[in-house]
Structures are given as C-alpha cells and as structure tokens.
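Here is a friendly walk through one protein model, written for someone who would like to find their way around it. Please have the viewer open and follow along.

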Amino acid sequence: MKDCKDVQDESECGLCGPCATQVLSESNLATSPHSSSSSQTITMLPPKYTRSVTVTAEDTDITITVRYGASKEEDEIVVVKEIGEGESHTFEEKSEDMGSWQNVRKILSIKGQIGEDGEVFEKLCETDCEGVHSNLHYTVHKWGVYSTSR
C-alpha cells in the first residue's frame, strides 16, 4: 500500500492511518485528504446491545417474553418464560449461524405481564446499554420494572 503523499487518487491509498483517522472536530463526519471538501463519510457509532438478560420477579409472578434479533427480521427468536415470585431466570446468549462464522443475537426487548391480569410493560434493551454487555439484570415489582445492573 502506498503512503498518501505518494498517490494520485484515493483508490491507491486504501485509507492509510492519517486518511482513516482524520475526523472533523465538531461532528461525527470524516473525510479523506484525497477527496474534495464536499465529500464526507459518516463514522459509525459503537454498538449498544446485551447478549443475555436476567429477570427477577421480586414480589409477584410474571410472564416474560424476550425477543432476540437476527440478520433477517423473519429469523428473530421469541422466548416466553413464566417466573414465580422471588425467582430469577437468565435468558442465555444465542448465536446465529452465518456460514463460516457465528453472529451473537442481541436481545432487542423484554416484554412482560405482572400477574395474570396485571400491567403489561416492554423495555427496549438498547436504551439501557452503554456499549456491549454480557448481561443486563431487570427486577420486576408489582409497580414496575427496573434495570438494576449492567
């Protein structure tokens, strides 16, 4: 690979270190020194998801539905579990076979019903994530659901 100063056009550079890391300070946009100033590329934000979820039924019985993501929406997995008062259950990490590699299925949401006739709630797990988590722990009470640890 040639150094930036030795190339005539962007295709020869292959995004060397200086080209790949030149970032505009007030935005999340990056540009290559080989392109015109009006051509900008958006840099990606880090992923936010959890690989597993633990749910504790603190003071009531609950029914929990967990939705695992997939590369295609029709391949998503839904798991339903009844959890008794004072019990906990961990929805384990699942993976998707991508041929020559395995993709971790992120847990998209948990949905539950408190008691048989109680309130229905749904939590999007991404909103409780700050990067990639191996486990999120939710505690469900008669009056609501809380994320207790990351």
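Glu 87 lies in the loop between strand 6 and strand 7 (88–91); strands (E, at least two residues) and helices (H or I, at least four) are DSSP runs, numbered from the N terminus. Is Glu 87 buried or exposed? Neither: Glu 87 counts as partly exposed because its relative accessibility is 46%, where buried means under 20% relative accessible area, exposed over 50%, and partly exposed in between (1.4 Å probe, protein chains only). Leaving aside residues up to four places away in sequence, Glu 87 touches Val 55, Thr 56 and Ala 57, a contact being heavy atoms within 4.5 Å.

This is a predicted model, in which local features need pLDDT of at least 70 and side-chain atom pairs count only at pLDDT 80 or more, while totals for chains, interfaces and linings use all residues. Residues are numbered from 1 along each chain as its sequence is written, and side-chain values use heavy atoms, with hydrogens and water left out.

Now for another loop residue. Met 98 lies between strand 8 (94–97) and strand 9 (102–105). With a relative accessibility of 31%, Met 98 also counts as partly exposed. Met 98 touches Ser 71 and Asn 103, again not counting residues up to four places away in sequence.

The two strands around Met 98 form a hairpin with 4 residues between them. In the turn, Gly 99 has a positive phi of about 100°. Strand 8 and strand 9 run antiparallel, and Asp 97 has Gln 102 in strand 9 as its bridge partner. Two strands pair if DSSP finds at least two bridges between them.

The table sets out three strand pairings.

| Strands | Sense | Bridges |
|---|---|---|
| Strand 5 (residues 62–68) and strand 6 | antiparallel | 7 bridges |
| Strand 8 and strand 9 | antiparallel | 4 bridges |
| Strand 4 (residues 53–57) and strand 13 | parallel | 5 bridges |

Strand 5 and strand 6 belong to an open sheet of 4 strands, in the order 6-5-10-11, with antiparallel pairing. At its edges are strand 6 (77–83) and strand 11 (120–124), each pairing on one side only. On average, neighbouring strands of this sheet are turned by 15° against each other, direction ignored; the axes here are lines fitted to C-alpha atoms (for helices over the stretch in contact), and angles run from 0 to 180 degrees between N-to-C directions. Within the sheet, Val 66 stands opposite Val 79 in strand 6.

In the parallel pair, Thr 54 stands opposite His 137 in strand 13. Strand 13 (residues 136–141) is mostly covered, with 5 of its 6 residues buried.

One side-chain arrangement is worth a look. The charged end of Lys 94 sits over the ring of Tyr 68, 5.4 Å from its centre; to count, NZ of Lys or CZ of Arg must be within 6 Å of the ring centre and within 35 degrees of the ring normal.

Finally, the overall picture. The protein has 2 helices and 14 strands. Of its 150 residues, 31% are buried. Among contacts with a separation of 6 or more, 51% come from residues 24 or more positions apart. The accessible surface comes to about 9600 Å², and 47% of it belongs to carbon and sulfur atoms; these areas come from the Shrake-Rupley method with a 1.4 Å probe, and for residues only the protein chains shown count as cover.
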